[in-house]
Amino acid sequence: MNRVIEYLIIAGSWLCGIVLVGSIFCIIGYLFFKGAAAVNLSLIFGRTNPIDAILLKKQVFNGIFPAIAGTFSLVVLSVALAVPAGLASGIYLAEYAQNSTKKVLSLFFDILAGIPSIVIGLFGFSLAVFLHKNYSDRIYPCLLISGISLAFLVLPYIIRTTQVSLESLPMQTRLTAVALGATKLQNIFYVLLPQSLSGIVSGVILAVGRCAEDTAVIMLTGVVASAGVPKSLFSHYEALPFYIFYISSQYADTQELLSGYGASIILLFLCAFLFLIAFAIQKRLCYQMLYRV
Amino acid sequence: MTKAFETVLEKTFFFFALASAGVVILIFGFMLVLGLPLIKGGLFFGLLTQPWSPHHGVFGIYQMIAGTLAIALLSVIFAFPLSLGCAALISVLAPPIFAGFLRKVVQMMTGIPTVVFGFVGIFLLIPIVREVFNGGGMCILSAVIMLTLLISPTMILFFSESFDRVPKSYINAVDSLGGTRVQKLLYVILPCSRKGILTGLMLALGRAFGDTLIALMLAGNAVQMPGSLLDSARTLTAHIALVIAADYESLEFKSIFACGITLYLFTTVLILMLRASERKEKP
């Protein structure tokens with residue numbers, strides 16, 4: 001083969017690698033260069049005493065604490081909704097389903113995983129409109145609606161990680177308890193689930209990250225720019241990613257813009273942190289989530 | 001645990017699996033019902049071909065479809081060689097230390113929130129584009145550059161995984177024949193992982209198609225047929241996000257369900273195509 005072409009290919013590949021690494025370091029470096037100074041307690045709590053704010057004694061007015069609290073409640077809510085359903089479906093798929101049922105169901109989950117998040121947001125919005133018209137005037141797009149929509153968004157990931165980690169257990173582990181007389185359910189609960197816990201947990205952590213960073217869904221289902229700490233499931237709320245989005249187009253002065261950089265750094269750290277934990281727990285199974293399909 | 005309990009629990013698992021699958025239909029159903037007035041009036045296909053001009057009571061979405069296609073396809077076209085190069089570095093060409101480093105960086109990239117890409121895009125990329133090309137800065141090019149960075153990690157990890165799946169014996173055969181690393185890549189690894197490359201491409205296309213924030217924040221959102229890289233454009237996803245505030249009895253509002261249905265159908269078709277290609281491979 002022609003030497004020149006060979007060198008060109010090597011050079012081209014290195015160029016790709018350098019461009020990618022370079023641009024990602026540019027992005028992160030730029031963020032830190034501009035925003036590192038903004039990350040401090042007053043970014044989060046404004047002029048309120050942090051302890052008072054966390055105990056919800058006082059409202060925080062010019063800090064991003066309400067946004068963090070909103071994101072936190074959103075994540076807790078949607079993961080709490082998605083995990084039981086996801087686990088149960090994953091267990092069914094891995095342990096009970098016949099081959100043909102499995103094929104059909106996993107096709108559905110693949111489709112669900114592929115639906116763009118804005119479409120799920122649109123669904124959440126229509127759900128709110130539907131409930132408002134037919135059941136109660138009090139229902140508007142709110143924390144609960146966002147929680148449900150986000151739960152739908154991460155459901156396929158949890159199902160898939162549960163299924164894959166159960167299915168990848170070796171035959172020996174699978175058969176020992178059964179050979180000793182355990183029933184199928186005992187086998188699942190006492191042997192298979194504990195054995196595949198690391199995979200399942202890493203899936204859940206990545207689902208948490210996905211909920212924390214998603215903006216498109218919550219944009220349509222009740223997030224607002226200023227609402228304070230969410231008071232109930234039926235109230236508006238603030239969220240960190242939406243705050244960043246909002247600041248990027250509506251900032252009034254450099255101070256606000258700076259808090260946007262600060263919020264970006266915090267969100268970046270939060271997601272990177274979740275990601276590292278999940279990765280440390282379970283390397284292999286994360287691939288499903290990495291592809292984000 | 002009694003027998004009855006076992007059966008009840010099995011049924012519960014089954015119920016959840018069924019319910020989770022039902023969500024797919026529920027989402028489609030909701031959009032169909034709310035978009036029904038359009039479909040009934042035979043307006044749906046009209047919408048796909050009409051322009052968007054609310055003042056004349058015309059709410060077509062073909063400019064948005066064109067915007068989506070332009071941005072998604074261009075970013076996949078940019079991201080494909082970039083990803084192929086990086087994946088080749090990780091799996092074959094680079095020394096192990098750099099390959100490991102690159103893999104770590106790419107994995108880290110998948111964890112970066114989309115909104116952070118958008119935020120940095122607005123304050124770092126757009127001024128650069130504005131400076132270099134003398135335009136407004138908010139244009140297809142800016143969105144495509146950021147979207148390329150966003151979808152590349154997906155492709156790189158998928159590619160390098162399918163490169164690594166090439167049987168070891170093939171690799172050893174090339175090595176023992178004295179083939180160079182590039183020959184190994186070109187004549188063995190790439191042909192063997194053609195399927196994986198295609199799948200990765202389609203997944204990335206789905207991701208680019210469904211992305212909202214990058215296009216919303218960087219592409220300018222002007223409703224027009226995109227003519228050049230420096231034109232502003234609006235995608236279907238951004239359109240949904242922008243129109244949602246309208247009165248929800250109006251025809252304008254109904255038209256976003258046409259966008260939703262289009263997006264839904266497109267991604268579903270993509271998944272079905274992936275499935276079909278997997279099935280063909282098996283026997």
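# Salt bridges and the largest cavity

Arg210(A) and Glu213(A) are both buried, and their side chains meet in a salt bridge with an N to O distance of 3.1 Å. The model in which this pair is found is a predicted one. Over all chains the count comes to eight salt bridges, and a search of the whole structure finds three cavities of 30 Å³ or more. The points below take up three of the salt bridges individually, then a network, and then the largest cavity.

**The pair within helix α10 of chain A**

- Arg210(A) and Glu213(A) both belong to helix α10 of chain A, which covers residues 197-213, and because they are three residues apart there, about one helical turn separates them.
- Arg210(A) is also listed among the residues that lie nearest the centre of the largest cavity.

**Pairs between helices α5 and α7 of chain A**

- Glu167(A) forms a salt bridge with Lys102(A), in which the closest N and O atoms are 2.8 Å apart.
- Since Glu167(A) is in helix α7 (residues 143-167) of chain A and Lys102(A) is in helix α5 (residues 99-114) of chain A, this pair ties together parts that are 65 residues apart in sequence.
- Glu167(A) is partly exposed, its relative accessible area being 35%.
- A salt bridge also joins the side chains of Asp110(A) and Arg160(A), at 3.2 Å from N to O.
- Here Asp110(A) lies in helix α5 of chain A and Arg160(A) in helix α7 of chain A, so that the pair ties together parts 50 residues apart in sequence.
- Asp110(A) is buried, as is Arg160(A).

**A network that includes a residue of chain B**

- Through salt bridges that share partners, Asp110(A), Arg160(A) and Arg275(B) are joined into one network.

**The largest cavity**

- The largest cavity holds about 440 Å³ of space.
- Its lining consists of 28 residues, and those nearest the centre of the largest cavity are Pro116(A), Ser117(A), Arg210(A), Arg207(B) and Gly210(B).
- At least two lining residues of the largest cavity are supplied by each of α5, α7 and α10 of chain A, and likewise by each of α10 (194-210) and α13 (251-281) of chain B.
- Helix α10(B) provides the largest share of this lining, with five residues.
- Sorted by class, the lining of the largest cavity comprises 14 nonpolar, eight polar and six charged residues.

Key. Residues are numbered from 1 along each chain as its sequence is written. Chains are lettered from A and ligands numbered from 1 in the order in which they are written. This is a predicted model: local features need pLDDT of at least 70, side-chain atom pairs count only at pLDDT 80 or more; totals for chains, interfaces and linings use all residues. Side-chain values use heavy atoms; hydrogens and water are left out. A salt bridge is a side-chain nitrogen of Lys or Arg within 4 Å of a carboxyl oxygen of Asp or Glu. Helices (H or I, at least four residues) and strands (E, at least two) are DSSP runs, numbered from the N terminus. Buried means under 20% relative accessible area, exposed over 50%, partly exposed in between (1.4 Å probe, protein chains only). On a 1 Å grid over the protein atoms alone, a cavity is a set of points where a 1.4 Å probe fits but cannot get out, and a pocket is an open set with protein on both sides within 12 Å along at least five of seven lines; lining residues have an atom within 4 Å of a point. Grid points are joined across faces, edges and corners, and a volume is the space filled by probe spheres set on the points. Ala, Val, Leu, Ile, Met, Phe, Trp, Tyr, Cys and Pro count as nonpolar, Asp, Glu, Lys and Arg as charged, and the others, Gly among them, as polar.
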